[in-house]
Every structure is written in structure tokens, then in C-alpha cells.
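Please read the following report alongside the sequence and the coordinates. It covers helix packing, a pocket, salt bridges and the overall fold.

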Amino acid sequence: VGVEAELKDAGRSRHHSIAIVRRERVALVTPLTMFGYDDAPFGHASVTLDGVRAESFLGERGDGLVMAQARLGPGRVHHCMRAIGLGERCLELMVRRAASRRTFGRWLLGHGTVQHGVAQSRIDIDASRLLVLHAARLLEEDPAMSAGTRGVIAAIKVFVPSAMLRVIDRAIQVHGAEGVRGDGVLAKAFAGMRCLRIADGPDEVHERTLAGLEAVRVLGREVARERLSSSARSSKL
Ligand SMILES: Cc1cc2nc3c(=O)[nH]c(=O)nc-3n(C[C@H](O)[C@H](O)[C@H](O)COP(=O)(O)OP(=O)(O)OC[C@H]3O[C@@H](n4cnc5c(N)ncnc54)[C@H](O)[C@@H]3O)c2cc1C
């Protein structure tokens with residue numbers, strides 16, 4: 001369990017700790033679904049923590065953010081790689097459907113709007129793949145994550161789920177009613193990808209990181225801090 005507890009005189013990055021909690025102190029309130037899916041095999045739940053004493057920490061008190069970031073950087077690359085794989089699958093389904101259904105006297109694939117959707121989806125997937133490859137390479141060369149690497153990690157987290165949502169949405173449209181059936185691949189893909197824009201931090205928070213880094217790059221740290229809003233000052237620029 002991550003806990004926020006401001007340690008006296010601690011730096012901004014040392015306000016969080018990760019505490020180990022005994023299993024019997026965790027009670028299930030209700031299992032949760034995402035857009036109706038249980039997200040098996042792990043799923044999500046609302047729980048209560050009862051009588052927990054924050055006494056067993058992973059590492060030292062205040063290490064929480066550093067430990068979480070060490071996991072989150074590669075984790076975000078991994079999420080994006082899987083998202084791209086899902087996008088590829090949905091684009092393939094889209095093309096197959098467009099080549100097997102006729103409306104208004106021609107195959108769907110013969111309609112210009114469908115060709116536009118197929119082409120834009122290929123562009124979304126390949127742009128995502130190149131950005132993620134770039135991020136993975138930077139992470140490998142710079143595991144301590146300098147500003148440039150953190151910026152690209154933030155960029156993939158914002159760009160890829162939205163780009164893959166566009167791909168999935170186009171595939172749904174080409175499938176018509178078949179695309180929105182609850183037991184179908186596309187509806188589940190859409191639900192999962194939509195959640196990814198929130199899980200691991202909402203898009204806006206990663207955009208905030210990117211905007212801060214750009215401001216520092218162009219204006220210098222002092223001016224950037226002054227011109228960004230007061231809440232942005234707490235970001236690690
Ligand atoms: C499927 C799923 C899996 C998850 N898995 C995990 C997990 O494994 N571990 C974990 O720790 N958490 C997990 N989460 C939680 C997730 O990290 C949080 O839901 C997320 O960070 C948003 O926090 P919040 O829900 O409190 O929303 P809030 O912080 O209340 O934010 C709500 C909205 O406000 C806006 N917003 C917030 N901050 C800003 C800002 N600075 N600028 C502009 N707009 C802003 C955004 O639109 C945002 O979506 C998961 C969530 C989901 C949905």
C-alpha cells in the first residue's frame with residue numbers, strides 16, 4: 001500500500017512510502033468492473049484497511065516514489081507495446097470485415113471513407129510503434145531517467161492509448177452492430193484502452209510533465225518555474 005506522509009524536512013520526492021500490510025487487515029468491500037468487464041484474472045476491488053499500522057516499509061520511509069517510478073517507466077513501455085499489439089489486431093479485423101461485407105453495391109473496402117480509416121489506423125499504429133521504440137531505447141540507455149527520457153515516457157503514455165482508441169473506434173464502426181456486442185473483441189478492447197488513459201495516471205498529468213520539461217528546455221528552470229502555475233511548482237522539473 002502506498003502511503004503519503006510528509007516527512008519533516010524531506011525533499012519533494014520523499015513524501016511517499018510503500019508499506020507492507022498483513023492480508024487479514026484487508027477486507028473486500030465489493031469487486032469492481034470496468035465498463036462491465038471484470039478484468040480477469042486479477043481484477044479490481046474496493047477494499048478497506050482495518051487497524052493497519054504503517055510500520056513495515058519496503059526500503060526506507062520516503063523511498064516510495066523512487067521505487068514506484070523505477071517500476072512505472074518500463075511498465076508504461078510495456079502497456080504501450082501491448083496496446084499496439086491490440087491495435088494491430090483490431091486493424092486486421094477491420095480490413096477483413098471491410099473485405100467481406102457489401103453495402104451500396106460495393107465492398108466496404110471500396111468506400112473511400114473506409115479506406116481513409118484503414119490508412120489513418122496504419123499511421124496511428126506505426127507512429128505509436130516508432131515513439132515507443134524510441135522510448136524503450138532511451139530507457140535502456142538511461143535507466144536513471146533524465147528529463148529527456150521522462151518526457152518521452154510521458155509522451156507514449158499520452159499518445160499511444162489515444163491513437164489505439166482511434167484505431168479500435170474505426171474498427172468498431174466498420175463492424176456496425178457487430179462491433180459493439182458485449183462479448184466481442186472490439187468492445188472489450190475499447191473498454192480496456194479507454195481505461196488506460198486513466199490507469200497509470202491520467203493523460204493530463206503526463207501532459208503536465210511534458211509541458212514543464214518543454215518550458216524548462218526553452219525558458220530555463222527559473223523562468224519556467226515562475227511562469228508555470230503555482231501547482232506546477234511541485235512537479236519534479
Ligand atoms: C483499470 C485501472 C487500473 C488501475 N491500476 C492501478 C494500479 O495498479 N496501481 C495504482 O496505484 N493505481 C491504479 N489505478 C488508479 C489510477 O492510477 C488512478 O485512477 C488515476 O491516477 C487517476 O486518479 P483518480 O482516479 O483519483 O482521479 P483524479 O485524480 O480525481 O483525476 C480525475 C480527472 O481529473 C483530471 N485531472 C487530474 N489531475 C489533473 C491535472 N493535474 N491537470 C488537469 N486535469 C487533471 C483528469 O481528467 C483526471 O482523469 C488504476 C485505475 C484504473 C481505472
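In this predicted model, the buried residues of α4 pack against α1 and α3. Those buried positions of α4 are L186, A187, A189, A191, M193, C195 and L196. Helix α4 has twelve residues, which at 1.5 Å a residue should span 16 Å. Its end C-alpha atoms lie 17 Å apart, in agreement with that expectation.

**The second largest pocket**

Helix α4 also takes part in a pocket. The second largest pocket has a volume of about 720 Å³. Two elements, α1 (64–98) and α4 (185–196), each give two or more residues to its lining. The largest share, eight residues, comes from α4. In total, 20 residues line this pocket, and M34, D39, R82, G192 and L196 are the ones that lie nearest its centre. L196 is also among the buried residues of α4. By residue type, the lining divides into twelve nonpolar, three polar and five charged residues.

**Helix α5**

Helix α5 covers residues 203–219. For its 17 residues, the expected span at 1.5 Å a residue is 24 Å, and the end C-alpha atoms are 24 Å apart, which agrees. Within α5, the buried residues are D203, H206, G212, L213, A215 and V216. The elements that cover them include α1, α3 and α6 (221–227). After α5 comes G220, whose phi is positive, near 90 degrees.

**Salt bridges**

Side chains of opposite charge can pair when their charged atoms come close. With a cut-off of 4 Å between a side-chain nitrogen of Lys or Arg and a carboxyl oxygen of Asp or Glu, the model has 15 salt bridges. Three of them are listed here.

| Salt bridge | Closest N to O distance |
|---|---|
| D124 and R170 | 3.2 Å |
| E178 and R181 | 3.4 Å |
| R181 and D183 | 2.7 Å |

What does the salt bridge between D124 and R170 tie together? D124 lies in helix α2 (residues 112–141) and R170 in helix α3 (residues 147–175), so the pair links parts that are 46 residues apart in sequence. D124 is buried, with a relative accessible area of 7%. R170 is buried too, at 19%; this counts as buried because the cut-off is under 20% relative accessible area.

R181 appears in two of the tabulated pairs, one with E178 and one with D183. R181 itself is partly exposed, its relative accessible area being 39%. E178 is partly exposed as well, at 42% relative accessibility. D183, at 61%, counts as exposed. Elsewhere, E88, R122, D126 and R129 are joined into one network by salt bridges that share partners.

**A buried serine in α2**

Is S128 buried or exposed? S128 is buried, with a relative accessible area of 0%. This serine is placed in helix α2. Leaving aside residues up to four places away in sequence, S128 touches I84, F159, V160, A163 and M164. Of these contacts, I84 falls within the range of α1 (64–98), while F159, V160, A163 and M164 fall within that of helix α3 (residues 147–175).

**The chain as a whole**

The protein chain has six helices and six strands. Read along the sequence, their order is β-β-β-β-α-β-β-α-α-α-α-α. The C-alpha atoms fill a box of roughly 75 × 50 × 30 Å along the principal axes. Of the 237 residues in the chain, 32% count as buried. Among contacts between residues at least 6 apart in sequence, 63% join residues at least 24 apart. The salt bridge between D124 and R170, whose positions are 46 residues apart, also links distant parts of the sequence.

Terms used. Residues are numbered from 1 along each chain as its sequence is written. This is a predicted model: local features need pLDDT of at least 70, side-chain atom pairs count only at pLDDT 80 or more; totals for chains, interfaces and linings use all residues. Side-chain values use heavy atoms; hydrogens and water are left out. Helices (H or I, at least four residues) and strands (E, at least two) are DSSP runs, numbered from the N terminus. Buried means under 20% relative accessible area, exposed over 50%, partly exposed in between (1.4 Å probe, protein chains only). On a 1 Å grid over the protein atoms alone, a cavity is a set of points where a 1.4 Å probe fits but cannot get out, and a pocket is an open set with protein on both sides within 12 Å along at least five of seven lines; lining residues have an atom within 4 Å of a point. Grid points are joined across faces, edges and corners, and a volume is the space filled by probe spheres set on the points. Ala, Val, Leu, Ile, Met, Phe, Trp, Tyr, Cys and Pro count as nonpolar, Asp, Glu, Lys and Arg as charged, and the others, Gly among them, as polar. The expected span of a helix is 1.5 Å times one less than its number of residues. Contact means heavy atoms within 4.5 Å.
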